[in-house]
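Student: I would like to take a close look at a single part of this structure, and I would be glad of one connected explanation.

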Amino acid sequence: MKLDQYLKWMGWVGTGGEAKQHIQAGAVTVNGAVETRRGRQLLAGDLVVLGPDSGVVGENVAAAP
């Protein structure tokens, strides 16, 4: 799953455009490092943080589209 899709899937943003803004502003980290590529491919176990929200890729997989 790509980073922008993950932010939408988690419900942290409402649209892809909103995800893009947060990512390009440097507000998203993956595994502790700022990530500015919205197409970044996430792997199971990656820790994604946006403000007070955080999630580990691969958790709640059964709910994934």
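Is Arg38 buried, partly exposed or exposed, and what is its relative accessible area? Please go on from there to the aromatic rings.

Tutor: Please keep in mind throughout that this is a predicted model. Arg38 is partly exposed, because its relative accessible area of 39% falls between the 20% under which a residue counts as buried and the 50% over which a residue counts as exposed. Along the chain, Arg38 sits in the loop that runs between strand E2 (33–34) and strand E3 (47–50), and together with Lys2, Lys8 and Lys20 Arg38 forms a positive surface patch.

Turning to the aromatic rings, a search of the whole structure finds 2 aromatic pairs. One of them joins Tyr6 and Trp9 in a tilted arrangement, with 5.9 Å from centre to centre and 40° between the planes. Both of these residues belong to helix H1 (residues 3–9), where they are 3 residues apart, which is about one turn of the helix. Their surroundings can be described by accessibility: Tyr6 is buried, with a relative accessible area of 2%, whereas Trp9 is partly exposed, with a relative accessible area of 25%. Tyr6 also pairs with Trp12, and this pair is edge-to-face, with 5.9 Å between the centres and 90° between the planes. Here both partners, Tyr6 and Trp12, are buried. Taken together, Tyr6, Trp9 and Trp12 make up one aromatic cluster, and Tyr6 takes part in the pair with Trp9 as well as in the pair with Trp12.

Notes:
Residues numbered from 1 in each chain as written. Predicted model: local features only at pLDDT ≥ 70, side-chain atom pairs only at ≥ 80, totals over all residues. Heavy atoms only, no water. Phe/Tyr/Trp six-rings, centres within 6.5 Å; stacked < 30°, edge-to-face > 60°. Helix = DSSP H or I, 4+ residues; strand = E, 2+ residues; numbered from the N terminus. Buried < 20%, exposed > 50% of the residue type's maximum accessible area, 1.4 Å probe, protein only. Patch = residues over 30% accessible without salt bridge, like charges linked within 9 Å, V, L, I, M, F, W, Y side chains within 5 Å. Areas by Shrake-Rupley, 256 points an atom, 1.4 Å probe, with all protein chains shown as cover. Salt bridge = Lys/Arg side-chain N within 4 Å of Asp/Glu carboxyl O. Lys, Arg positive; Asp, Glu negative; His and termini not counted. Charge placed at Lys NZ, Arg CZ, Asp CG, Glu CD.
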